[in-house]
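Have your viewer open and a selection box ready. This tour goes stop by stop, telling you what to select and what you will find there.

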Amino acid sequence: MERIWELLIVQSQLLLCVSAQHSSHPVSEGWWAYKEVVQGSFVPVPSFWGLVNSAWNLCSVGKRQSPINVETSHMIFDPFLSPLRINTAGRKVQLIHYNHELYTNITEASKSPNGLVVVSIFIKVSDTANPFLNRMLNRDTITRITYKNDAYLLQGLNIEGLYPETPSFITYEGSMTVPPCHETVTWIIMNKPIYVTRMQMHSLRLLSQNQPSQIFLSMSDNFRPVQPLNNRCIRTNINFSLQGKDCPNNRAQKLQYRAQQTAQSR
């Protein structure tokens, strides 16, 4: 009998990423940044995260940091990686939609007591949008989170609507992409994007990463630079030697996920 890797949605917490980047909780009152900006005081960018705070040491010396660029030349086909299936058990969820992050009250699926599974979902611009993102990015919602720390509660969401319809994925052991950069994350990168319209993407970029009293800083370039792979194993349940819906042509082996190019939010 085929075993399915199943994420069961229950009353707990799992961070969902709609990009290659993510955050689990506000860290140290936001005392860090992705890029240098004029704010009147020093705020460390990624290259300084591990130097300004001993608790963030892994950001500099860790060997399993994220994000990484995923290239097929570094991937190993693992026939024991079963298809990924999302099981909500019929439950609806509520989502707190923050300017910068989003949190949900769904499951924490982990391989060990201290491990966190982060499902990374890529976004592609299209003429039509994902139904779940339509709820998040419609005008009535997006205008309520214009500035940093603005939040709006969305209820009655079907989390299955956020996931692309594919059982194929890539996985590797990595870290959180914000301080303190704990290396406790199993990344699962779905092998199919979800879609957002150009207007919705434009609306995201009109959001400010700062407070109303500060200089406007667009919701863009908010990602951590790519980190070294350091001989980590990148596994996949995609068999590139076979042609099919996952590998539509002989050029499939050139497929790659460039973290900086795909990230739209952390």
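A quick word before we start: pLDDT is the predictor's confidence in each residue, on a scale from 0 to 100. You will want it here, as this is a predicted model. The mean pLDDT of the protein is 76, with 72% of the residues reaching 70 or more. Colour by pLDDT and select residues 1–29, where the value is below 50; in the model this stretch still has 123 contacts beyond near neighbours in sequence. Residues 246–254 are also below 50, and there the corresponding count is 17 contacts. Where pLDDT is low, the predicted coordinates should not be read in detail.

**The whole chain**

Switch to a cartoon view. The protein has 6 helices and 15 strands. Of its 266 residues, 49% count as buried. Looking at contacts with a separation of 6 or more, 78% are between residues 24 or more positions apart. If you turn on the surface, you are looking at about 13700 Å² of accessible area, of which 51% belongs to carbon and sulfur atoms.

**Stop one: the disulfide**

How many disulfides does the structure hold? There is 1. Select Cys59 and Cys181, and show their side chains: the disulfide joins these two, with an S to S distance of 2.1 Å. Cys59 sits in helix 2 (residues 58–61), while Cys181 is in the loop between strand 11 (169–174) and strand 12 (185–190), so the pair links distant parts of the chain, 122 residues apart. The torsion about the S-S bond is about 95°, so this disulfide is right-handed. Both cysteines are buried.

Stay on Cys181 a moment longer. Its relative accessible area is 0%, so Cys181 counts as buried. Cys181 is not a glycine, yet its phi is positive, at about 60°. Now step back along the same loop to Pro180, which also lies between strand 11 and strand 12. The peptide bond from Pro179 to Pro180 is cis, with omega near 10°. Both features deserve a second look: most residues other than glycine have a negative phi, and most peptide bonds are trans.

For comparison, select Cys233. Is this cysteine buried or partly exposed? Cys233 is partly exposed, with a relative accessible area of 39%.

**Stop two: another cis bond and another positive phi**

Go to Ser66 and Pro67. The peptide bond between them is cis, with omega near 5°. Pro67 is in the loop between helix 2 and strand 3 (70–71).

Next, select Asn230, in the loop between helix 5 (198–205) and strand 14. Asn230 has a positive phi, near 55°, and is not a glycine. Its relative accessibility is 36%, so Asn230 counts as partly exposed.

**Stop three: an aromatic cluster**

A search of the whole structure finds 4 aromatic pairs. To see two of them, select Trp32, Tyr34 and Trp49, which ring pairs link into a cluster. Trp32 and Trp49 meet edge-to-face, 5.3 Å centre to centre and with 75° between the planes. Trp32 is in the loop between strand 2 (16–17) and helix 1 (46–52), and Trp49 is in helix 1, so this pair ties together parts that are 17 residues apart in sequence. Tyr34 and Trp49 are edge-to-face as well, at 6.0 Å centre to centre and 65° between the planes. Tyr34 lies in the loop between strand 2 and helix 1, 15 residues from Trp49. Trp32 and Trp49 are both buried, and Tyr34 is buried too.

**Stop four: two buried strand residues**

Select Thr236 in strand 14 (residues 234–236). Thr236 has 1% relative accessibility, so it counts as buried. A polar atom of its side chain lies 2.9 Å from the backbone oxygen of Phe169. Beyond residues up to four places away in sequence, Thr236 touches several others, including Met75, Phe77, Leu81 and Ile170.

Finish at Ile194, in strand 13 (residues 194–197). What is its relative accessibility? The value is 3%, so Ile194 counts as buried. Show what surrounds Ile194: among the residues it touches, leaving out those up to four places away in sequence, are Ile121, Phe122, Leu133, Leu162, Tyr163 and Pro164. For a last distance, pick the C-alpha atoms of Ile194 and Ser126: they are 9.2 Å apart, with their positions 68 residues apart along the chain.

Technical notes. Residues numbered from 1 in each chain as written. Predicted model: local features only at pLDDT ≥ 70, side-chain atom pairs only at ≥ 80, totals over all residues. Heavy atoms only, no water. Helix = DSSP H or I, 4+ residues; strand = E, 2+ residues; numbered from the N terminus. Buried < 20%, exposed > 50% of the residue type's maximum accessible area, 1.4 Å probe, protein only. Polar contact = N/O pair within 3.5 Å; in protein donor to acceptor, adjacent residues only side chain to side chain. Contact = heavy atoms within 4.5 Å. Disulfide = S-S within 2.5 Å. Areas by Shrake-Rupley, 256 points an atom, 1.4 Å probe, with all protein chains shown as cover. Phe/Tyr/Trp six-rings, centres within 6.5 Å; stacked < 30°, edge-to-face > 60°.
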